[in-house]
Amino acid sequence: MGECGASRHPVGVVDLSTSYLGLKLAHPLVPGACPLSSELDSVLRLEDAGAPAIVMHSLFEEQITADPLRTERSPTDPVGYLEHLNRVKESVHIPVIASLNGTTDDGWTSFASLVEQAGADALELNLYHLSTNLWTSGATLEAYTLDTVRAVRSLVSIPVAVKIFPYFSSIPSLARQFEEIGVNGLVLFNRSYQPDINLETLEVKPDQRLSNSTELLSRLYWIAMLSGRVDMSLAVTGGVHTGEDALKAILAGADVAQMVSALLQNGPGHLKVVRQEMEQWLDAHGHSSLAEIRGSMSLEKREDGRAFTRAGFLELLQRGAGPGS
Ligand SMILES: Cc1cc2nc3c(=O)[nH]c(=O)nc-3n(C[C@H](O)[C@H](O)[C@H](O)COP(=O)(O)O)c2cc1C
């Protein structure tokens, strides 16, 4: 972190509280969907490290439709997922957000209400779908996506957040349509699976890369575009590793900064480090709460909002600079 200056409030007194999907959270650093939630032990370690809520790993539809005769249970099959969710809910005192990834209408809806019954405080829909069909247009896919989300939204009464990829032609329009069908939160952005090619074996190399802070930038841009313009909670997922990253997400307008790669790399205790870095920065800059800065760098709040748009890009080019120069 940068220079902190003299402390005005003892660390810990700075109010980092936030509201996400109607849930009151002590701070915005929420462990995102990943295998850390598939073991009760690591969920407890995250809670001990101060996680204010947790997003469970996704239940994938392929697992919902997998061999129904299998008798052993795992946190990734449907019955095992529900049992695990139930056990997690009974063992922690923080909100638990379940995550679903479907591919068909039935897949999405059949499990959404079961997850609600199992005690989830909210539901994150992981819209992980990349079309490979030559004949399906973007508009068709978008309409299908909205229909699916609408069906789930009308089925459950818990808050619903939608996690999307950045690959839509008009993210603001899509966000508005999600808002219109009652979606409570938008999670930007999922990371796409990008396998490599091994030149020696000519095999497809699985993508096991974790993120770094540079991935935050595309999220900052779109959160800053949407903050204050749609009536939904906004969460960043992707590239939040440090207190600086999380602060930037909040300044752009996020209510929550989800973390995965940083926690997988450094362990649950890293949450405390990032939280402290945020408190120190806020304190050193004369703020007593996170609410004072939330969204202050968004397109809506900044008179120089041009910096975020095409006009800002043109100004940069006219000054003889450009991205990466
Ligand atoms: C090992 C691993 C497993 C993940 N599993 C899920 C998942 O089950 N559901 C989901 O929505 N995202 C999943 N993600 C994506 C993360 O939730 C997160 O959106 C992404 O890693 C970007 O955040 P980060 O930069 O903090 O890692 C996974 C990521 C990793 C690295």
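This briefing covers the fold, the cores and one helix of the chain. The model is predicted. The protein chain has 325 residues, and 48% of them are buried. It holds 11 helices and 12 strands. Eight of the strands form an open, parallel sheet.

**The sheet**

- The strand order is β3-β12-β11-β8-β7-β6-β5-β4, with parallel pairing.
- β3 (29-31) and β4 (54-60) are the edge strands, and each of them pairs on one side only.
- From one strand to the next, the twist averages 25°.
- β6 (residues 122-126) pairs with β7 (residues 160-164) over four bridges, in the parallel sense.
- L123 has V160 of β7 as its bridge partner.

**Helices packed on the sheet**

- Helix α3 (residues 78-91) touches β4 and β5 (96-101). The direction of α3 makes about 170° with that of β4.
- Helix α4 (residues 105-117) touches β4, β5 and β6. The direction of α4 makes about 165° with that of β5.

**Around strand β12**

- β3 and β12 pair in the parallel sense over three bridges. One bridge partner set is P31 with M259 in β12.
- On the other pairing, β11 (residues 233-237) joins β12 over three bridges, again parallel. Here A235 has V256 of β12 as its bridge partner.
- The chain runs from β11 through α8 to β12, and this β-α-β crossover is right-handed.
- Side chains of β12 (residues 256-259) point two ways: V256 and Q258 go one way, A257 and M259 the other. All four are buried.

**Nonpolar cores**

- The largest nonpolar core has 74 residues.
- The residues with the most contacts inside this core are L100, V115, L123, L125, V162, F178 and L186.
- Helix α8 (residues 243-252) gives the most to this core, with six residues.
- F178 has a long list of contacts, leaving aside neighbours within four places in sequence. Among them are V162 and L186, which also appear in the list of residues with the most core contacts.
- The other contacts of F178 are L127, T145, L146, V149, I164, V183 and M232.
- A second, separate core has 13 residues, including L23, L25, A122 and V187.

**Helix α7**

- α7 spans residues 216-226, and its buried residues are L216, R219, L220, I223, A224, M225 and L226.
- Why do residues three or four places apart point the same way in an α-helix? An α-helix has 3.6 residues a turn, so such residues share a direction.
- In α7, the buried set includes L216, R219, L220 and I223.
- Cover for the buried residues of α7 includes α6 (171-180), β8 (185-188), β11 and α8.
- G228 follows α7 and has a positive phi, near 80°.

**Whole-chain figures**

- Take contacts between residues at least 6 apart in sequence: 70% of them join residues at least 24 apart.
- The protein chain exposes about 15900 Å². Carbon and sulfur atoms supply 53% of that area.

Conventions:
Residues are numbered from 1 along each chain as its sequence is written. Side-chain values use heavy atoms; hydrogens and water are left out. Two strands pair if DSSP finds at least two bridges between them. Helices (H or I, at least four residues) and strands (E, at least two) are DSSP runs, numbered from the N terminus. Axes are lines fitted to C-alpha atoms, for helices over the stretch in contact, and angles run from 0 to 180 degrees between N-to-C directions. Contact means heavy atoms within 4.5 Å. A nonpolar core is a set of buried Ala, Val, Leu, Ile, Met, Phe, Trp, Tyr and Cys residues joined through side-chain atoms within 4.5 Å. Buried means under 20% relative accessible area, exposed over 50%, partly exposed in between (1.4 Å probe, protein chains only). A crossover is right-handed if, with the strands pointing away from the viewer, the path from the first strand over the helix to the second runs clockwise. Accessible areas come from the Shrake-Rupley method with a 1.4 Å probe; for residues, only the protein chains shown count as cover.
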